[in-house]
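Let's take a walk through this fold, one contact at a time. Keep the viewer open and follow along.

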Amino acid sequence: MVMLPRSPRPRTLAVLAAVLGAVAALVGPGPLPYASGGTDGGGFRVRVLVLTMFPAETRPWLERESLPRTVDVPGATAPLRCSGRGLCVTTTGMGKANAAAAVAAVLNTPRLDLDRAYFLTAGIGGTPPDNGTLGFASWARWLVDYDLGHHVSSATDPTVPHGYLKGGATGTNAFRLDDRLVGTAYRLTEDTGLADSRAAAGNRGHYPGQSGRTPYVAVCDSVTGDNYWTGADQSARARYITELWTKGEGDYCMTQMEDTAIAAVLARHGHLDRYLALRTASDFDRPYAGQSAKEVLTEFPGLGIAVENAYRVASKVAHHLSRR
């Protein structure tokens, strides 16, 4: 396991949920226009499959990689775009249901050979301001489901810690990813030059301890939730859920909407040990003083740098793994 310095401690909240008109305007109203040259027949060997969730996350891969081969997969959200060496990218759609359905369709198609493939989420998320910053990148060790369990209103029963009762295990509450693979990914990318912006810097300045911080790469843990939430109390609940399901090992720093679903499908197909989950922070998981909840849910001051940094960091690992 990679041991990281405790300061700065990255943590990041799940964002960019299928949400509101402002986000739709940022990420685009529909799928990207995939090129159709070189549609492939059965058995194409995939070495690395990069999973993005919406078109803005996919676009840097299509613009900067040579991916001339298109493989259509029945039941998937979008086709795979692949290089001759088997580096592929596909868009799953946002949320657990879309991600699980898309990955299952890809794994079950006879058109692809995925027996030795690596799988890599390269997407954005949100972060708590006490354990991350805008634009920073996190390789997850633990993926924890936020939704499963019993969520209790404090008005109904204020004695329930953080409004959450654990409930029974479903087999998908938490996944531990392969420590050696996560360690390799971190070592390959820890010195990556990351993008920053004036908008991100200005937003950081509203939060205690954030002024002057810049993006970096780290290893910490990620929470998956279909419910796109905000607020310090919700952030504390995410941390509490992480600690419960990881028996105190997890270090909550990211939230997103897909990764436990992807992990569940990969685990059932015997591929979990070849899965990496990278997220970069586009926003904070709570309003700053004087900001409304609506504003924090619809404004993403780190969106541009998060998308850019997801590609910069993930592409280094994707290229390394595709040469194995």
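In this predicted model, helix α4 passes helix α9 in a right-handed crossing. Two packed helices are described by the angle between their axes and the distance between the axes. Here the axes of α4 (residues 179-189) and α9 (residues 303-322) cross at roughly 115 degrees and come within 9 Å. If you want to color the contact, pick Leu-181, Thr-184, Ala-185, Leu-188 and Thr-189 on the α4 side, and Val-313, Lys-316, Val-317, His-320 and Leu-321 on the α9 side. By residue type, that contact breaks down into 6 nonpolar, 3 polar and 1 charged.

Stay with α9 for a moment, since it also holds one end of a salt bridge. The side chains of Glu-308 and Arg-64 meet at 2.6 Å, N to O. Arg-64 sits in helix α2 (residues 55-64) and Glu-308 in α9, so this pair ties together parts that are 244 residues apart in sequence. The two ends don't share the same kind of surroundings: Arg-64 is partly exposed at 44% relative accessibility, whereas Glu-308 is buried at 16%. The pair isn't on its own either, as Arg-64, Glu-308 and Arg-312 are linked in a network of salt bridges.

How many salt bridges are there in the model? The count comes to 13. Another one to look up is Lys-96 with Asp-147, again at 2.6 Å from N to O. This pair links distant parts of the chain, 51 residues apart: Lys-96 belongs to helix α3 (residues 96-108), and Asp-147 to the loop between β8 (137-145) and β9 (150-151). Lys-96 has a relative accessible area of 14%, so it is buried under the 20% cut-off. Asp-147, at 23%, counts as partly exposed. Then there is Arg-274 with Asp-273, where the N to O distance is 3.8 Å. In that pair Arg-274 is buried at 16% relative accessibility, while Asp-273 is partly exposed at 44%.

Now for the strands. Is strand β2 (residues 48-52) mostly covered or mostly open? Mostly covered: 5 of its 5 residues are buried. In a regular strand the side chains alternate between the two faces of the sheet. You can see the two sets in β2, with Val-48, Val-50 and Thr-52 pointing one way and Leu-49 and Leu-51 the other, and all are buried.

As for partners, β2 runs parallel to strand β5 (residues 87-91), joined by 5 bridges. It also pairs with strand β7 (residues 118-127) in the parallel sense, over 4 bridges. Val-50 is a handy place to look at both pairings: it stands opposite Val-89 in β5, and its bridge partner in β7 is Leu-120.

Last stop, the backbone torsions. Most residues other than glycine have a negative phi, and most peptide bonds are trans. Which way does phi of His-162 go, positive or negative? Positive, near 55 degrees. His-162 is found in the loop between β9 and β10 (164-165), and is partly exposed with a relative accessible area of 42%. Lys-247 also has a positive phi near 55 degrees. Its place is in the loop between α6 (232-245) and β13 (252-256), and at 79% relative accessibility Lys-247 counts as exposed.

Terms used:
Residues numbered from 1 in each chain as written. Predicted model: local features only at pLDDT ≥ 70, side-chain atom pairs only at ≥ 80, totals over all residues. Heavy atoms only, no water. Axes fitted to C-alpha atoms, helices over the stretch in contact; angles between N-to-C directions. Left-handed = near helix turned anticlockwise from the far one by under 90°. Contact = heavy atoms within 4.5 Å. Nonpolar A, V, L, I, M, F, W, Y, C, P; charged D, E, K, R; others polar. Buried < 20%, exposed > 50% of the residue type's maximum accessible area, 1.4 Å probe, protein only. Pairing = 2+ DSSP bridges. Salt bridge = Lys/Arg side-chain N within 4 Å of Asp/Glu carboxyl O.
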